[in-house]
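Student: I am new to this structure and should be grateful for a close look at a single part of it. Please choose one strand, and explain in a connected account how it is placed among its surroundings.

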Amino acid sequence: MSKSDLVQFEGEIAQVCPKGIYKILLENNKVEISAKLCGKMRRYNIQVVVGDKVTVGFSPHDLTNGLIIYRHK
């Protein structure tokens, strides 16, 4: 699935869990979801810490697990 096919939401990192999983609090409806870093962020070693604003992409079929695709500055 390409990056353009993902449903995107804005959120903030709430908690860092083991095995590269992050808990993210979405801005639009205050729901906490789990997400992983996308491949390019892992490849270029982009660090994400608690409090960072991020863009999360979801598959249109499964809105429970997401991919962190962008970290806002």
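Tutor: Let us begin with one pair of residues: Lys 23 has Ser 34 in E3 as its bridge partner. The model is a predicted one, in which local features need pLDDT of at least 70 and side-chain atom pairs count only at pLDDT 80 or more, while totals for chains, interfaces and linings use all residues. Residues are numbered from 1 along each chain as its sequence is written, and side-chain values use heavy atoms, with hydrogens and water left out.

The setting comes before the chosen strand. Strands, labelled E, are DSSP runs of at least two residues, numbered from the N terminus (helices, H or I, need at least four). Two strands are said to pair if DSSP finds at least two bridges between them. In general, the strands of a sheet pair through backbone hydrogen bonds, in either the parallel or the antiparallel sense.

Here five strands form a closed barrel in the order E1-E2-E3-E5-E4, with mixed pairing. On average, and with direction ignored, neighbouring strands of this sheet are turned by 50 degrees against each other; the axes are lines fitted to C-alpha atoms, for helices over the stretch in contact, and angles run from 0 to 180 degrees between N-to-C directions.

Strand E2 (residues 21-26) pairs with strand E3 (residues 32-37) in the antiparallel sense over five bridges. These two strands form a hairpin with five residues between them, and Lys 30 in the turn has a positive phi of about 55 degrees. Ser 34 also has a partner in E5, namely Asn 65. E3 and strand E5 (residues 62-71) pair in the parallel sense, over four bridges.

The strand chosen for the close look is E4. Which strands, then, are joined to E4 by six bridges? One is strand E1 (residues 7-17), which runs antiparallel to E4. Within this pairing, Gly 11 has Val 54 as its bridge partner, and Phe 9 has Val 56. The other is E5, which also runs antiparallel to E4 and is joined to E4 by six bridges. Val 54 stands opposite Arg 71 in E5, and the hairpin formed by E4 and E5 has two residues between the strands.

E4 is mostly covered, with five of its seven residues buried. Buried means under 20% relative accessible area and exposed means over 50%, with partly exposed in between (1.4 Å probe, protein chains only). Thr 55, in strand E4 (residues 53-59), counts as buried because its relative accessibility is 5%. Contact means heavy atoms within 4.5 Å; leaving aside neighbours within four places in sequence, Thr 55 is in contact with Gln 8, Phe 9, Glu 10, Leu 67, Ile 68, Ile 69, Tyr 70 and His 72. The side chain of Thr 55 also makes a polar contact with the side chain of His 72, at 2.8 Å. A polar contact is a pair of N or O atoms within 3.5 Å; within protein, one must be able to donate a hydrogen and the other to accept it, and residues adjacent in sequence count only if both atoms are side-chain atoms.

Lys 53 of E4 shows another side of the strand's surroundings, as Lys 53 is partly exposed, with a relative accessible area of 39%. A salt bridge places a side-chain nitrogen of Lys or Arg within 4 Å of a carboxyl oxygen of Asp or Glu, and the whole structure holds two of them. In one, Glu 12 and Lys 53 meet through their side chains at 3.2 Å, N to O. Glu 12 lies in strand E1 and Lys 53 in strand E4, so this pair ties together parts that are 41 residues apart in sequence. Glu 12 counts as partly exposed, at 30% relative accessibility.

Lys 53 also meets Glu 27 in a salt bridge between their side chains, at 3.5 Å, N to O. Because Glu 27 lies in the loop between E2 and E3 while Lys 53 lies in strand E4, this pair ties together parts that are 26 residues apart in sequence. Glu 27, too, is partly exposed, with a relative accessible area of 40%. Through shared partners, the salt bridges join Glu 12, Glu 27 and Lys 53 into one network.
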